[in-house]
Amino acid sequence: MNDHANPAIPAAPAAAAPISKSRPLYLRHARAVRIMHWINVVALTLMLMSGLQIFNAHPALYWGDSSYSGRPAWLEIGAKENAQGNPVGYLRVLGHEFTTTGTLGVSSDDGQTYMQGFPSWLTVPSHQWLAMARSWHFFFAWIFLINGLCYVAYTIASRHLARDLVPTRDDVRGIGASIVDHLRFRHPTGEAAKRYNVLQKFAYLFVIFVLLPLIVLMGLGMSPRLDTLFGGWVGWFGGRQTVRSIHFIVAWTLVAFVLIHVFEVIVTGFWNNLRSMITGRYRVPQEDDHE
Amino acid sequence: MNDLDRGGRRRFLGRIAASVGALGVAGCDRLSQTEWFPKVLGSAEVLNGHVAKLVTGRKAMAQEFTPADLSPTFRSNGTADPNNPQYAALAANHFNDYALEVSGLVAKPRRFTLAELRALPSRTQITRHDCVEGWSAIGKWQGAKLSAILDDVRPTTAARYVVFHCADPMEQDGTSPYYESIDMDDAYHVQTILAYALNDQPLPIKNGAPIRLRVERQLGYKHAKYVMRLELVDSFAHIGDGKGGYWEDQGYQWYAGV
C-alpha cells in the first residue's frame, strides 16, 4: 500500500478514523503502557547521551577496584598526534587499536576539531561539561526509575505480565520455528499477530527484569556513599571499576536491543506499529498483506 | 477516506518525529544554558544525597582495602604544585613553619603545628579514592582525626560546616584559592582525617602536602589538598561564590557522595 502522505489532502483527525470492516483495528497497547513506553524512550535516550558525556571525562574502562592497578585499561578512547602533527583519534579494546578520527577521540563540529571521547552529536551537553552531564543523568535516572517501578507494578496488577509477556509452553516448544521465521523475516499474521512471539517475549523479559535492573544497580555502585552498605557490596561485583565497566556494557547492550527492536518495528509495518504505540490501535496484518 | 486518514496521521507522526529530532542535542544545550532548567535538574542530585544518607546511615563506614590492593603510584589530579609564594616558602623549609589555623565558630581558636597534628589521635586506612571523572585509585592514608581537632577547639552549637581553606590558587594569576566544606556528620566521622602520610611516606606535594582532607564517603573533589585553615561556619554564603567549594561554584554538587 501507499506509505506516503499526499500533501494536497488535509489531515483528518486521527481519533475519528472509521474502522474498516475487512481490516479490524484492535487495541494492542493499553494507554498506561503507551505513556510509560514513551517516557522510557525519552529518559533512556537522555541518560545514554549524558552518560557518554560523563564517560568522556575519563574515557577508559578497567576491571577491579582501581584504575591504577598496574594493569592497563581494557577499553580506552583517546587522541594522539601523527607524524604531521595532526590529531588522530583511536579506540583501544583488549589490546587492539583502531583509528577512529572523526568519530571517537577526535571529531569535529561546526568546522572545529574537538578532542573528546564520544562526538558532540552523541552527547548531552554536546561539549565537555561534566557537572551538567551529571545533572541530566541523575534527573532522568529518577524519572526512569519511578517510571520503571510503575511499569512493573502495572504489568503485574493488570496481568499484562502473566497474560502477554510470560512465554507459554507452546511458545517455548515453538522457539526453533520462531528463530527460523525471524531469520527469514516471516512475520505472524491474523490471530498470531495479536500476541508477542516467543523471541519477543524473552527479549522484553530479559530487558525489563535483567538488563534494566542491572544497569541501575551498577549505577548505584559508583556512589562512594552507597558502597558503604554491607561493608562494600561493590566488591561482590568485582569492584568499582568493574561496576563502571558493566554499566557501560549494559548501556550498549540496551542500544543493541533498541536497534533490533526498531528494525523489527520497521520490517513488520512501521506505521502500523508506531500507531499502535501512540493511539493503541493496531491493524492485524493478514496473509495477503505486503507490508 | 481511510487513505486520507492514514495520510493525515502519518504526516502528524512525521512532524512529531521531526520536532523531536530538531529539539535533540541543540535543544538540550540551550536548556543547559538557561537559568531555570539546571535548577530543575539539580533537584534530583539533592534528592540523591538525601536518599544515599538515609539508606546508609550517618555512621556507615567506607570500604577499606588491603596492602595488596594499593595503586603502584597514587595519581595526582588538579593542582600538582601550588602557584603560591607563601606555600613555596613553607615547602622550601619542609613545612617546619607550617601551622594549621582553626577559627570561626569555636570556643578556642588555635593553631596546630605539624608536630602537634602528628601527636593527635590518628587513624590509618587503605581506601579507594573515587574521582568524579570516573577513575579510582587506592592509597594508604595516615592522619589526625578531624574529630580530635574539633574536640580540642570545641565548635559552638551554631557551627554547621567545616570549611577547608587551601593554599592552591585555581586561577593563573594566583587568585581563587581552592576550598571545600563538609557537614558535622562527615566532620566527626571515624574515617575523616587530615592526612599527613600517604603509603607510609610523608604526603608528597603532588598529593597535597603537608596535609589534605580524607572524607572517604565522598568523591575526590571534596578531599581538599594543601589545607591551611579550618573555619567553622553556620553558612558558606560569604565564601567564594557561596556554594561551599571551588567545584561547587562551577556547578558541581555540594554533596559528593553520589
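Here is a friendly conversation about a predicted model with chains A and B.

Visitor: Let's start with chain A. How many helices and strands does the secondary structure of chain A come to?
Guide: Picture the C-alpha atoms of chain A filling a box of roughly 70 × 55 × 35 Å along the principal axes. Of the 291 residues in this chain, 29% are buried. Its secondary structure comes to eight helices and eight strands.

Visitor: Which strands are at the edges of the open sheet in chain A?
Guide: That open sheet has four strands in the order β2-β3-β4-β5, with antiparallel pairing. An edge strand pairs on one side only. In chain A, that description fits β2 (60–61) and β5 (96–99).

Visitor: Which residue in β5(A) stands opposite A:R92?
Guide: Strands of a sheet pair through backbone hydrogen bonds, either parallel or antiparallel. Here, strand β4 (residues 87–93) of chain A and β5(A) run antiparallel, joined by four bridges. Across from A:R92 in β5(A) stands A:E97.

Visitor: Now for the place where the chains meet. Which element gives the largest share of the side of chain A that touches chain B?
Guide: In total, 49 residues of chain A are in contact with 54 residues of chain B. On chain A's side, the elements giving two or more residues are α1 (31–56), α2 (130–157), α7 (240–267) and α8 (270–278). The largest share is eight residues, and it comes from α2(A).

Visitor: By class, how many nonpolar residues does that side of chain A have?
Guide: Let's go through the classes in turn. The side of chain A that touches chain B has six charged residues and 16 polar ones. Its nonpolar residues number 27.

Visitor: On to chain B. Is it compact or spread out, next to the globule rule?
Guide: Chain B has seven helices and ten strands. The globule rule gives 18 Å for its 258 residues, while its radius of gyration is 23 Å, well over that value. Chain B is therefore, compared with a compact globule, more spread out.

Visitor: What distance separates the centres of the two domains of chain B?
Guide: The C-alpha atoms of chain B fill a box of roughly 90 × 45 × 40 Å along the principal axes. The chain is divided into domain 1 (2–49) and domain 2 (62–249). Taken over C-alpha atoms, their centres are separated by 43 Å.

Visitor: What share of the contacts in chain B between residues at least 6 apart in sequence join residues at least 24 apart?
Guide: Buried residues make up 41% of chain B. For contacts, we count pairs at least 6 apart in sequence, then ask which of them join residues at least 24 apart. In chain B that share is 68%.

Visitor: Which residues form the covered face of strand β1 in chain B?
Guide: This strand spans residues 99–104 and has two faces. B:A99, B:E101 and B:S103 are on the uncovered one. The covered face is made of B:L100, B:V102 and B:G104.

Visitor: What is the bridge partner of B:A99 in β2(B)?
Guide: A hairpin joins β1(B) to β2(B) through five residues. β1(B) and β2 (residues 110–113) pair in the antiparallel sense over four bridges. In β2(B), the partner of B:A99 is B:T113.

Visitor: And what is the bridge partner of B:G104 in β10(B)?
Guide: β1(B) also pairs with strand β10 (residues 227–233) of chain B, in the parallel sense. Four bridges make up this pairing. In β10(B), B:G104 has as its partner B:L232.

Definitions and conventions: Residues numbered from 1 in each chain as written. Chains lettered and ligands numbered in written order. Predicted model: local features only at pLDDT ≥ 70, side-chain atom pairs only at ≥ 80, totals over all residues. Pairing = 2+ DSSP bridges. Rg over C-alpha atoms; globule rule 2.2 N^0.38 Å. Buried ≥ 20, exposed ≤ 12 C-beta atoms within 10 Å, placed from the backbone. Contact = placed C-beta atoms within 7 Å. Nonpolar A, V, L, I, M, F, W, Y, C, P; charged D, E, K, R; others polar. Domains from an automatic or database assignment.
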